[in-house]
Amino acid sequence: MASDEAVEALQSTKDLIPSVRSYSSYAIYQKLKRRWINYPKEVVKRLLNHVRKRKNDSGEHSAFLAAASMDPGIIGQTQAVSNKVLAALGHNVFIPKSPGQRGLRILCLDGGGTRGISSLEMVKSIVDAMGGEACDKFDMICGTSTGAIIAFLIGLRRESSCKASRRYDELIDKIFVKGALSTPMLLFTTASYSEVPFTRVMDEILGDTTMLDTRADPRTPLVFAIASKMSSSTSKMALFRNYNYEGGSNDNFVLRPEKARKILGLPQLDKSLEDNNKKSSQRSSYFSRHEGE
């Protein structure tokens, strides 16, 4: 998945997605196993262990989610890899967060330093009311600016709202740092702060994993962050997400293929060949509407 060309080639390969799905957490027999074997077993386990239930929570939800976890050993590792491949190919399968769930649950988080604190308090209140963490209650979590940081913490990293709040306090001081060039930068880019500290914080949150790696666990919600490039003549929007779209999308999935190839230990493409690919893609109908990766 080191380039959009590779993704498009795999998307167009006949019978590839059904074959990969048969080894993933989304195979038909896995669905039946979750519903009729894993779920009853988890419910019985909780009853036998006399697990204390949270207020307004019957414990049914936690058992339901536990039933969706991957199998142990090599089978679970195969499922994890297959899940990531399907996410990169744009084959996104809906797994409900609770029994009888109807429709998608989407959590959208606003940006801004002080508003980020407000968003965290709001998430805490939602978590208390719903009786479970945000990653276990929402199918999609998205945010912009500091809202993206929160989305990464509670969505990609599956952290509790309390832990995310403590981590947010540690990370926020690293982002809103004004230097001597803040005023000139505001005049030329309309941005008061540099994107460099923000990028470093995002890298710190992800560590050695990529956004796509988080989709190995079928319980992880879809997560995306919105960013804007203000220094260009016309501002551009970029989407950073842990999923892809199906074939025929105008959105690039890999923004920096050279970095992706380096991470995967693949040889770098010839520069002239890479430039030709870019020119070819610009002439085709599959141009980029929003940059992203």
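Student: In which helix do Arg46 and Glu42 both lie, and how many residues apart are they?

Tutor: Both lie in helix 3. They are 4 residues apart, about one turn of the helix. Keep in mind that this is a predicted model.

Student: What makes Arg46 and Glu42 a salt bridge?

Tutor: Their side chains meet at 2.7 Å, N to O. The cut-off is 4 Å, so the pair qualifies. Arg46 and Glu42 are both buried.

Student: How many salt bridges does a search of the whole structure find?

Tutor: The search returns 8.

Student: What makes Lys33 and Asp71 a salt bridge?

Tutor: The N to O distance between their side chains is 3.0 Å. That is within 4 Å, so the name applies.

Student: Which parts does the pair of Lys33 and Asp71 tie together?

Tutor: Lys33 lies in helix 3, residues 28-48. Asp71 is in the loop between helix 4 (60-66) and helix 5 (73-88). The pair therefore ties together parts that are 38 residues apart in sequence.

Student: Why does Lys33 count as partly exposed?

Tutor: Its relative accessibility is 25%. Buried needs under 20% and exposed needs over 50%, so Lys33 falls in between.

Student: And why is Asp71 called buried?

Tutor: Asp71 has a relative accessible area of 14%. That is under 20%, so the word fits.

Student: How do you know that Arg158 and Asp136 meet in a salt bridge?

Tutor: Their side chains are 2.8 Å apart, N to O. The limit is 4 Å, so the pair passes. Arg158 sits in the loop between helix 7 and helix 8, and Asp136 in the loop between helix 6 and strand 2 (140-144), so the bridge links parts 22 residues apart in sequence.

Student: Arg158 or Asp136: which is buried and which is partly exposed?

Tutor: Arg158 has 24%, between the two cut-offs, so Arg158 is partly exposed. Asp136 has 18%, under 20%, so Asp136 counts as buried.

Student: Which residues do salt bridges that share partners join into one network?

Tutor: Glu42, Lys45 and Arg46.

Student: How do you know that Cys142 is in no disulfide?

Tutor: The search of the whole structure finds 0 disulfides. For Cys142, the nearest cysteine sulfur belongs to Cys108, 3.9 Å away. A disulfide needs sulfur atoms within 2.5 Å, so this pair fails.

Student: Cys142 and Cys162: buried or partly exposed?

Tutor: Cys142 has a relative accessible area of 7%, under 20%, so Cys142 is buried. Cys162 has 44%, which lies between 20% and 50%, so Cys162 is partly exposed.

Student: What makes Arg167 count as buried?

Tutor: Arg167 is at 19% relative accessibility, and the limit is under 20%, so Arg167 counts as buried. Its place is in helix 8. Beyond its neighbours within four places in sequence, Arg167 is in contact with Leu153, Arg157, Glu159 and Ile205.

Student: Which residues have the most contacts inside the largest nonpolar core?

Tutor: Leu107, Leu109, Ile141, Ile149, Phe152, Ile154 and Ile205, in a core of 27 residues. Strand 1 (106-109), helix 6 (113-130), helix 7 (146-156), helix 8 (161-175), helix 10 and strand 3 each give two or more residues. Helix 7 supplies the largest share, 8 residues. A second, separate core has 7 residues, among them Leu212 and Phe253.

Student: What does Ile141 touch, not counting residues up to four places away in sequence?

Tutor: Its partners include Leu107, Leu109, Ile154, Val223 and Phe224.

Student: Why is Ala216 called buried?

Tutor: Its relative accessible area is 13%, under 20%, so the label holds. Ala216 is found in the loop between helix 10 (195-206) and strand 3 (222-229). Outside its neighbours within four places in sequence, its contacts are Met70, Ala80, Asn83 and Lys84. Ser24 is 192 residues from Ala216 in sequence, yet 9.4 Å away in space, C-alpha to C-alpha.

Student: What makes an empty space a cavity?

Tutor: A 1.4 Å probe fits there but cannot get out. The count comes to 1 cavity of 30 Å³ or more. The largest has a volume of about 40 Å³. Among its lining residues are Ser25, Gln30, Arg34, Met70 and Asp71.

Definitions and conventions
Residues are numbered from 1 along each chain as its sequence is written. This is a predicted model: local features need pLDDT of at least 70, side-chain atom pairs count only at pLDDT 80 or more; totals for chains, interfaces and linings use all residues. Side-chain values use heavy atoms; hydrogens and water are left out. Buried means under 20% relative accessible area, exposed over 50%, partly exposed in between (1.4 Å probe, protein chains only). Contact means heavy atoms within 4.5 Å. A nonpolar core is a set of buried Ala, Val, Leu, Ile, Met, Phe, Trp, Tyr and Cys residues joined through side-chain atoms within 4.5 Å. On a 1 Å grid over the protein atoms alone, a cavity is a set of points where a 1.4 Å probe fits but cannot get out, and a pocket is an open set with protein on both sides within 12 Å along at least five of seven lines; lining residues have an atom within 4 Å of a point. Grid points are joined across faces, edges and corners, and a volume is the space filled by probe spheres set on the points.
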